[in-house]
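Here is a quick walk through the side-chain contacts and surface patches of one protein. Have the sequence and the 3D view open as you read.

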Amino acid sequence: MKSPARANRPGARRPGPPSPWWAGWRLSVALLAFIVVGGTVGYSLIEGWDPWDAFYMTVISVTTVGYREVHPLSRTGEAFTVAVVTFGVATVLYTFSFLMARLVEGDLQARWIRRRHRRMLDDLTHHFIICGFGRIGQIVASEFTRQEVPFVIIERDVERMQAAIDTGYLAVEADASSEDVLQRVGISRARGFIAAVSTDADNVFAILTARLLRPDLFIIGRAETEDTKRKLIRAGADRVISPYQIGGLQLAQTALRPAVVDFVQLATSSDNLDLNMEQVQIGEDAPLAGRTIIEANLRQQFGVVVVGIQRASGAMEFNPPPESVMGVGDFLVVLGQAKNLRDLEAAAGQTTIPRG
């Protein structure tokens, strides 16, 4: 469990030892300073020069500019100059190569990664925003990946955010209740919002912020208790899921009706290529709008079975009779092959959801 100080500082990083590049930078500067100071002192002691002449001679020797000696050198001074040039040039080359490597491999690479990250966020459309990369968030992201649904993850814990990136997901280290963050991940273009943060309070704030920014956005919230479910609904969630309740019901249904559970899992699994259960919304001016199921001849024309109809009012009709009228805004819950479902979506006037 996070400490209060950590929870109140989104994105806070633990202090650690200096990074390798910083240690190398300090070493190169220290070596260069040692050569310059040592050369100045050496020329002053060996040749008896004043500090400025000694410093000037050291600099032109280290930089190999090729000027003449400041004063004639003794044999000892010449030997000392050879040492200054040898170690000085090596130190300058090391410093220069280190700085160039840091510029090319560090700053430029980091800048390129940040720019690529921003471009990927800007290109997102009709995607889901997943808040939290805990156990629930990981399962949701994995399922979206299998079904090639675009999404972005918001996670303020550094380790979890890095784990999401290492997995290959698009992730942002931030607070999901921040308006600026939600704007940055494209909430204006999003298809849905999933609040799966580890605490109920964070989910309430995230949902409230998302609803204020997008009144028409489909929002799903995760709740631990019944009291939290009511709060999430009041905050603006369209659906509230309790993992413990769902898990308990799944266990009970599997114990009582294992064949039914197997069928539902088979129909809704993305790994099944022969049969899919999907929802198809009837759009305005669609050929199917205002027609009955038998008039549309859905089974013969599209090879699908209508399991239920969710009316635009929210009422659900299971196993609707052939005389049921398909109205604008209704959702057809159908079983069929993926290709047939795409054809049905076109006839229903529904734009195919972009994937990948």
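What follows covers aromatic rings, surface patches, two backbone oddities and salt bridges.

**Aromatic rings**

Keep in mind that this is a predicted model. How many aromatic pairs does the count come to? The tally is seven. One of these is the pair of Tyr 43 and Trp 49, which is stacked, with 5.3 Å from centre to centre and 10° between the planes. Both partners are tucked away: Tyr 43 is buried, and Trp 49 is too.

Trp 52 and Phe 55 also pair up, with ring centres 5.7 Å apart and planes at 40°, so this pair is tilted. The two sit three residues apart in helix α3 (residues 51–62), which puts about one helical turn between them. Is Trp 52 buried or exposed? With 55% relative accessibility, Trp 52 counts as exposed, while Phe 55, at a relative accessible area of 31%, is partly exposed.

Further along the chain, there's an aromatic cluster made up of Phe 128, Phe 133, Phe 144, Phe 151 and Tyr 169.

**Surface patches**

Trp 52 and Phe 55 turn up again in a nonpolar surface patch, joined there by Tyr 56, Val 59, Val 65 and Tyr 67. Together the six have about 600 Å² of accessible area. Val 65 belongs to the loop between α3 and α4, and this valine is partly exposed, with 43% relative accessible area.

There's a charged patch as well, and this one is all arginine: Arg 111, Arg 114, Arg 115, Arg 116, Arg 118 and Arg 119 form a positive patch on the surface. Arg 119 lies in helix α4 (residues 75–123) and is partly exposed, its relative accessible area being 43%.

**Two positive phi values**

Most residues other than glycine have a negative phi, so a couple of spots deserve a look. His 126 has a phi near 55°, which is positive although the residue isn't glycine. Where is His 126 placed? Look in the loop between α4 and β1 (128–131). His 126 is partly exposed, at 30% relative accessible area. Glu 148 is another non-glycine residue with a positive phi, near 60°, and its home is the loop between α5 (135–146) and β2 (151–154).

**Salt bridges**

The salt bridge count comes to twelve. Among them are these three:

| Pair | N to O distance |
|---|---|
| Asp 202 and Arg 156 | 3.2 Å |
| Arg 222 and Glu 224 | 2.6 Å |
| Arg 230 and Asp 227 | 3.5 Å |

Take the bridge between Asp 202 and Arg 156. Asp 202 is in helix α8 (residues 200–213) and Arg 156 is in the loop between β2 and α6 (158–167), so the pair ties together parts that lie 46 residues apart in sequence. Asp 202 is partly exposed at 22% relative accessibility, whereas Arg 156 counts as buried at 16%.

In the second pair, Arg 222 is buried, with 14% relative accessibility, and Glu 224 is partly exposed at 25%.

The third pair stays within one helix: Arg 230 and Asp 227 are three residues apart in α9 (residues 226–235), about one helical turn. Arg 230 is partly exposed at 45% relative accessibility, and Asp 227 is partly exposed at 34%. Which residues are linked in a network of salt bridges here? Asp 227 and Arg 230 are joined by Lys 231 in that network.

Terms used: Residues numbered from 1 in each chain as written. Predicted model: local features only at pLDDT ≥ 70, side-chain atom pairs only at ≥ 80, totals over all residues. Heavy atoms only, no water. Phe/Tyr/Trp six-rings, centres within 6.5 Å; stacked < 30°, edge-to-face > 60°. Buried < 20%, exposed > 50% of the residue type's maximum accessible area, 1.4 Å probe, protein only. Helix = DSSP H or I, 4+ residues; strand = E, 2+ residues; numbered from the N terminus. Patch = residues over 30% accessible without salt bridge, like charges linked within 9 Å, V, L, I, M, F, W, Y side chains within 5 Å. Areas by Shrake-Rupley, 256 points an atom, 1.4 Å probe, with all protein chains shown as cover. Salt bridge = Lys/Arg side-chain N within 4 Å of Asp/Glu carboxyl O. Lys, Arg positive; Asp, Glu negative; His and termini not counted. Charge placed at Lys NZ, Arg CZ, Asp CG, Glu CD.
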